[in-house]
Amino acid sequence: APSMNSLGLMLQTGRGGAQDLDAARRWLERSANTGNTAGISLLGIAYLNGTGVPIDVVRARELFEQAANAGNTVAMFNLGLIHQQARGVPQDYVKAREWFEKAAAAGDGLAMHQLGWHYQTGLGTARNFATARDWYTRGASHGNAASMAQLGQLYEQGLGVTADLAKAREWYERAAAGGNGAAMAQLGQLFARGRGVTRDEAKAREWFEKSAAAGHQNGAFLLAQQLDRGRGGATDFPRAAQLLLRAA
């Protein structure tokens with residue numbers, strides 16, 4: 001079954017050959033029919049996103065529940081997202097948090113990050129920055145770059161912790177090394193404003209470039225501002241306009 005899952009994913013993405021979504025679905029179905037929870041969860045993701053099959057959120061939820069009840073953490077996480085995003089069910093942050101808690105207890109770093117976000121923003125619970133920090137710290141320990149970026153934000157703004165721009169920068173740099181575009185944009189902001197570092201518009205532009213290249217729209221917007229105003233380098237009005245349109 002694990003080999004069936006790998007074949008399904010390779011066919012979905014076209015790795016090692018041509019993309020074939022129908023063949024991918026068949027391999028995932030074969031895996032799921034053996035009772036393999038990873039295969040069941042992957043098939044649920046296919047139905048959730050309409051990858052090789054028509055979108056069927058009800059079927060996706062049924063598959064996730066089957067896999068989650070057998071201990072699959074990916075399925076638990078996706079059930080949390082379904083309830084959080086109101087995908088085929090009424091929006092219910094409490095149920096979402098319950099599934100994230102189950103996934104986090106089983107070691108899922110993505111779920112830990114979501115729990116941090118729930119407590120930071122007060123989704124379905126009282127806002128608690130200290131608890132958010134604890135969950136982000138756990139998510140970061142599992143390599144979650146988004147959690148690292150949020151820890152940077154907490155330290156930059158002094159939310160649940162004593163404001164510490166040096167620690168904020170450290171967390172942003174760790175998140176950026178993990179490919180997080182939001183952290184790259186925040187590092188650019190630190191250099192643009194001289195917060196905790198010597199003000200350096202050229203370095204700010206470098207980080208905004210990296211953020212935009214990573215697909216982060218705020219990074220693209222901030223880079224457009226630099227290009228429009230000639231900060232950290234020459235002006236480039238046509239490219240600034242393209243980036244603004246993309247961000248919009």
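Start with the whole protein chain and its contacts: among those with a separation of 6 or more, 38% join residues 24 or more positions apart. Keep in mind as you look around that this is a predicted model.

Next, switch to a cartoon view. What do you find along the protein chain? There are 14 helices and zero strands. Follow the sequence from its beginning and the pattern reads α-α-α-α-α-α-α-α-α-α-α-α-α-α.

Now show just the C-alpha trace and turn it around. Along its principal axes, the trace spans about 60 × 45 × 30 Å.

Turn on the surface for your next stop. The protein chain exposes about 11900 Å², and 49% of that area is supplied by carbon and sulfur atoms. How many of the 248 residues are buried, as a percentage? Buried residues make up 44% of them.

With the surface hidden again, select the charged side chains. You will have 26 positive and 21 negative ones in the protein chain. If you mark the centre of each set, the two centres lie 2 Å apart.

For the last stop, zoom in on a single residue, Ala86. Where is it? Select helix H5 (73–85) and helix H6 (93–105), then look at the loop between them: Ala86 lies there. Check its backbone and you will see that phi of Ala86 is near 60 degrees, a positive value in a residue other than glycine. Most residues other than glycine have a negative phi. Is Ala86 buried or partly exposed? Ala86 is partly exposed, because its relative accessible area is 34%, between the cut-offs of 20% and 50%.

Methods. Residues are numbered from 1 along each chain as its sequence is written. This is a predicted model: local features need pLDDT of at least 70, side-chain atom pairs count only at pLDDT 80 or more; totals for chains, interfaces and linings use all residues. Side-chain values use heavy atoms; hydrogens and water are left out. Helices (H or I, at least four residues) and strands (E, at least two) are DSSP runs, numbered from the N terminus. Buried means under 20% relative accessible area, exposed over 50%, partly exposed in between (1.4 Å probe, protein chains only). Contact means heavy atoms within 4.5 Å. Accessible areas come from the Shrake-Rupley method with a 1.4 Å probe; for residues, only the protein chains shown count as cover. Lys and Arg count as positive and Asp and Glu as negative; His and the chain ends are not counted. The place of a charge is taken as NZ of Lys, CZ of Arg, CG of Asp or CD of Glu.
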